[in-house]
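The following note is addressed to a colleague who is meeting this structure for the first time. The points are numbered for ease of reference.

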Amino acid sequence: MVMVEVTNNIKRTQHEVLQCLFLTTSLIRDSRFFKVRVVNNGYRNIVFAINPHIEYNPRLIEAIQEMMTEASSYLHQATKSQLYFADVKILLPAAWPWNLSQVQRPTTESYEKANVIVAEPYLKHGDTPYTLQYGGCGEKGRYIHFTPNFILNDKMTSVYCPKDRVFVHEWAHLRWGVFNEHNDLVPFYMSESGTVEATRCSLSIRGKNAECKGSSCSPCTIDESTGLPNKECKFFPEKNQLSSSSIMYLQGLPNVNKFCDSETHNPEAPNMQNRMCDYRSTWDVISESEDFRTISSSHTGSVIPTFTLLQAKNRVVCLVLDVSGSMGSGNRIVRLRQAAEIFILQIVETGSHVGIVTFSSSASIKTRLKEIADDKVREELVQLLPTSAVGRTSICAGVRSGFEVLRGDDGATKGDEIILLTDGEDPGISSCFTEVERSSAVIHTIALGPSATEKLEELSTMTGGLQFAATDNLDTNGLIDSFTGLISGDGDSSQQSIQLESSGTSIETNGWLNGTVVIDKTIGNDTFFVVNWETQNPIMFVRDPSGKIYNNADFKIDQNARSARLKIKGTAKPGSWIYTIQNPGGKQVITIIVTSRAADAQVPPIKVNGYISRKDSTSPMISYVEVSHGFLPVLNANVTAIIERPNNVPVTLKLSDDGLGADIVRNDGIYSKYFLSFSGTGRYSVKVRVQGHEGTAKITVRTGGQAKCLPGYMENGNIEINPSGPNVNEEGIYDELGDFNRVQAGGAISLPLGTPVIDFPPSQITDLQAMLLKDKIKLEWTAPGGDYDYGSGNCG
């Protein structure tokens, strides 16, 4: 913490001081928006996804359509007749009964990539909608979350929290990266002129400060130490306002139908919009977004959206695996088999359909689609995995055969997946790009080694697939981590495999690999311990929390894959599981992987989602990790990211949830850090480790990014109290988490040739505080790093 005393003979506002200190942060790109676009002033391909655990309710679909029809008209008005919602898709759970003539099959739409998620809150923490935002000003968010109760309960929301207006408020967070103009933590502030003001935009919103108990209200008492109203005080706006701004403050006021612009903006208000957007108005940020660059000045036609119902189905996936000659070097073909085995035996969900294609100079279909009905089918698929490598590399031959396999269930490839792994160069890869775009399939790419073709990731980018990269560093488990990250995107967390451990090292003769894995209370079904080696079978022991010991006799050993697998029957006991592995032969790399699934379909497991972002060639990379329990943020976890670099040793970063540097909001369960240690051109891949400890890790209600519902209003001089807002647990923090650990692949980015070396500035300061001490002003802030949040900064 830095403290500076400034004499007040030179008058400067907090706004001016902060303008001297603020710098623009890097932005995060989100693949959720690769299909949303503006056509003739209308947003198309907006996807609502209904969680598979929500019971069948056709009224929910009707309510979404009603909300979006009204929201389109409100958006058109708010954007000065320029934008509206033209096309909305609603993705229904696979289990919902529906007339097939009324629904279509999804293409690249999925629950995990939806713009709006409709799901129950976990632990009933509240129905208030919110938008999950990772990045800075002008940066797209991750998703909007609505609960079924909020959408369906017209009586509750129509008076003080109109659904259509709330949606436009949240869309502004999601699409344009603006922030709230209210601040429940700092509801009042002392203005430059010395008057007490409610935190709002614009200042022309009229109202009254009062303390109310029930229907009885009285003037607010003042805290003598701050000169501000006490915490029981609230600002009650007049119901009928002359001002029409602003939607990011109180969209529920009848006359409010605009965003604050340069004429109505309040730069003094201590809110997120001012803090994150360098005191620019919301409309200034919105009107400079990409959406306004190609549209006509106004739209005069219909603004009623069209609606399409989509229905999810069981997963259909084809492994398309490179077996060209280069895969025979560096133990790659064995590592491929080890990783693909884990995907088939432990990751891909029951009920899925799986096929296998191998390719070199040409492609070979090893098996058509097989339904994963039981362990016997999984074992049959494993036996078809490749064991040898020869020939050149023709990626398009593999992709075309993959499409042929995918058409085996219904004659189409819409919404199906290809997992494409290659280590080779292929100058002909672009020859099938048109076919890929027309397929409506999703291609996930895995680049193995430093020579995988540079255009590989274009296949995943154009189809909305995931991208991974793995080096030949054997003890990092990069290839296996890529396959374990390829879980279903249907939103059913009870069926998704969760990785708890992935580690390894080079072990000398008679040396040991020891460690502890925690099975927490949210997981335990389908628990596997997998040990891999290079040359000789190790001696393996696993001890459960009750003291039972498993040894080599309990493992199923696959000599072709140089792998041993221990499956725990039933639900694994919660607590610490200790593994000890001895290398009896010559020096070799030994690795261990542990996976599990949810213990109870009604209790969501603790989940980790890792993302990386780089705006352009002059920006730093940012690693983001979201740790959650259902939709509740997990606080105080120990989060690290391991970045594998081309031709250099990995770098380990400790990520923070402190609201500083790359992290925009404190205590929201999103842990962030800039990465600046680039070592040259090539692929950079991220692996995430998360640990939580009993008594430290906590879950909390989500408070950031929420629309503010109208608590009450003034009419004819009287204060009218609205019903309580959507229920939110007032305790704030639940102390319900014990020890846990998670590991996840966090994706990859590529630095092309010619990427410049940049001397990055310090991060922006976001916690500046000013206090008046007689004839001086005392400033306090947390010093940024020398380069963004790296190193030590200067305060000269």
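**Disulfides, a strand pairing and internal cavities**

1. The disulfide of Cys201 and Cys260 is left-handed, because the torsion about its S-S bond is about -125°. This loop-to-loop link connects distant parts of the chain, 59 residues apart: Cys201 sits in the loop between β11 (196-198) and β12 (207-213), and Cys260 in the loop between α6 (247-250) and α7. The sulfur atoms of Cys201 and Cys260 are 2.4 Å apart, which falls within the 2.5 Å limit for a disulfide. Both Cys201 and Cys260 are buried. The reader should bear in mind that the model is predicted.

2. In total, six disulfides are counted. With the bonded cysteines numbered in sequence order, the pairing reads 1-9, 2-12, 3-8, 4-5, 6-7, 10-11. In general terms, such a link is a covalent bond between the sulfur atoms of two cysteines.

3. Cys137 and Cys277 are joined by a disulfide with an S to S distance of 2.1 Å. Their link is right-handed, with 105° about the S-S bond. Cys137 belongs to the loop between β8 (130-132) and β9 (143-146), and Cys277 to the loop between α7 (272-276) and α8 (282-287), so this disulfide ties together parts that are 140 residues apart in sequence. Cys137 is buried at a relative accessible area of 18%, and Cys277 is buried at 2%; the cut-off for buried is under 20%.

4. A disulfide also joins Cys161 to Cys709, with 1.9 Å from S to S. Here the torsion about the S-S bond is about -55°, so the link of Cys161 and Cys709 is left-handed. Because Cys161 lies in the loop between α4 (154-157) and α5 (163-176) while Cys709 lies in the loop between β40 (698-700) and β41 (712-715), the pair ties together parts that are 548 residues apart in sequence. Cys161 and Cys709 are both buried.

5. Strand β12 merits a separate remark. It runs antiparallel to β16 (residues 234-237), to which four bridges join it; Asn209 has Phe235 of β16 as its bridge partner. Strand β12 is also antiparallel to β13 (residues 216-218), through three bridges, and Ser218 in β13 stands opposite Glu211. The hairpin of β12 and β13 has two residues between the strands, and Gly214 in this hairpin takes a positive phi near 65°.

6. Which residues lie closest to the centre of the largest cavity? They are Ser497, Ile498, Gln499, Val608 and Gln744, from a lining of 16 residues. The volume of this largest cavity is about 190 Å³, and the structure holds six cavities of 30 Å³ or more. At least two lining residues come from each of α14 (478-484), β24 (498-507), β33 (606-613) and β44 (740-751). By class, the lining of the largest cavity comprises six nonpolar, seven polar and three charged residues.

7. The second largest cavity encloses about 170 Å³ of space. Its lining has 15 residues, and those nearest its centre are Arg335, Gln338, Leu474, Asn477 and Thr591. Two or more of the lining residues are given by each of α9 (332-347), α14 and β32 (588-598). The lining of the second largest cavity divides into six nonpolar, seven polar and two charged residues.

Note on methods
Residues numbered from 1 in each chain as written. Predicted model: local features only at pLDDT ≥ 70, side-chain atom pairs only at ≥ 80, totals over all residues. Heavy atoms only, no water. Buried < 20%, exposed > 50% of the residue type's maximum accessible area, 1.4 Å probe, protein only. Pairing = 2+ DSSP bridges. 1 Å grid on protein atoms, 1.4 Å probe; cavity = no way out; pocket = protein on both sides within 12 Å on 5 of 7 lines; lining within 4 Å. Points joined across faces, edges and corners; volume = space filled by probe spheres on them. Nonpolar A, V, L, I, M, F, W, Y, C, P; charged D, E, K, R; others polar.
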